[in-house]
Amino acid sequence: MNEKNMLLSRIKKYDFTLKELNLYLDTHPNCRRALAMFRKYRELRRDAVQEYNKRFGPLTPEQVTGTQSWTWVEDPWPWERR
């Protein structure tokens with residue numbers, strides 16, 4: 001697996017973990033351990049997404065940084081990049 005796919009896989013794992021912690025916290029809102037884990041994985045995800053954006057381009061339109069034109073529609077699309 002190349003670096004791009006490894007980083008994307010890590011982001012997906014963080015997304016899954018955050019979703020599960022979110023569901024748990026919905027029913028256990030005072031669990032400090034789960035809240036600390038949520039903050040930790042949110043930060044890890046943020047850092048991984050920033051690294052991905054820097055190295056391979058944006059994953060979502062909200063991550064586009066171009067100021068002169070709307071670069072989201074430029075080829076290749078995120079799922080087409082290799």
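**Notebook: rings, core and charged pairs**

I began with Phe56, which at 22% relative accessibility counts as partly exposed, since buried would require a value under 20%. I note at the outset that this is a predicted model.

Entry 1, the ring pair. I searched the whole structure for aromatic pairs and found 2. The one I followed up joins Tyr52 and Phe56, whose ring centres are 5.2 Å apart with the planes at 50°, so I entered the pair as tilted. Both residues lie in helix H2 (residues 32-56), where they are 4 positions apart, about one turn of the helix. I then looked up the cover of the partner ring, and Tyr52, at 0% relative accessibility, counts as buried.

Entry 2, the core. I next asked which residues make up the largest nonpolar core, and I listed Leu7, Ile11, Tyr14, Ala48, Val49 and Tyr52, 6 residues in all. Helix H1 (3-27) and helix H2 each supply at least two residues of this core. For Tyr14 I also looked up the contacts, leaving out residues up to four places away in sequence, and found that Tyr14 touches Tyr41, Leu44, Arg45 and Ala48.

Entry 3, the charged pairs. I counted 4 salt bridges in the structure. In one of them Arg55 pairs with Glu3, with the closest N and O atoms 2.4 Å apart; Arg55 lies in helix H2 and Glu3 in helix H1, so this pair ties together parts that are 52 residues apart in sequence. Arg55 also meets Glu51 in a salt bridge, at 3.1 Å from N to O, and these two residues both lie in helix H2, 4 residues apart, about one turn of the helix. I therefore recorded Glu3, Glu51 and Arg55 as linked in a network of salt bridges. Within this network I checked two accessibilities: Arg55 is partly exposed, with a relative accessible area of 40%, and Glu51 is partly exposed at 31%.

I also noted the salt bridge between Arg46 and Asp47, where the closest N and O atoms are 2.9 Å apart. Arg46 is partly exposed, with a relative accessible area of 44%, and Asp47 counts as partly exposed at 33%.

Entry 4, the whole chain. I closed with the totals: the protein has 2 helices and 0 strands, and of its 82 residues 21% count as buried. The accessible surface comes to about 6,500 Å², of which 52% belongs to carbon and sulfur atoms. Among contacts with a separation of 6 or more, residues 24 or more positions apart account for 49%.

Key
Residues numbered from 1 in each chain as written. Predicted model: local features only at pLDDT ≥ 70, side-chain atom pairs only at ≥ 80, totals over all residues. Heavy atoms only, no water. Buried < 20%, exposed > 50% of the residue type's maximum accessible area, 1.4 Å probe, protein only. Contact = heavy atoms within 4.5 Å. Areas by Shrake-Rupley, 256 points an atom, 1.4 Å probe, with all protein chains shown as cover. Phe/Tyr/Trp six-rings, centres within 6.5 Å; stacked < 30°, edge-to-face > 60°. Core = buried A, V, L, I, M, F, W, Y, C linked by side-chain atoms within 4.5 Å. Salt bridge = Lys/Arg side-chain N within 4 Å of Asp/Glu carboxyl O.
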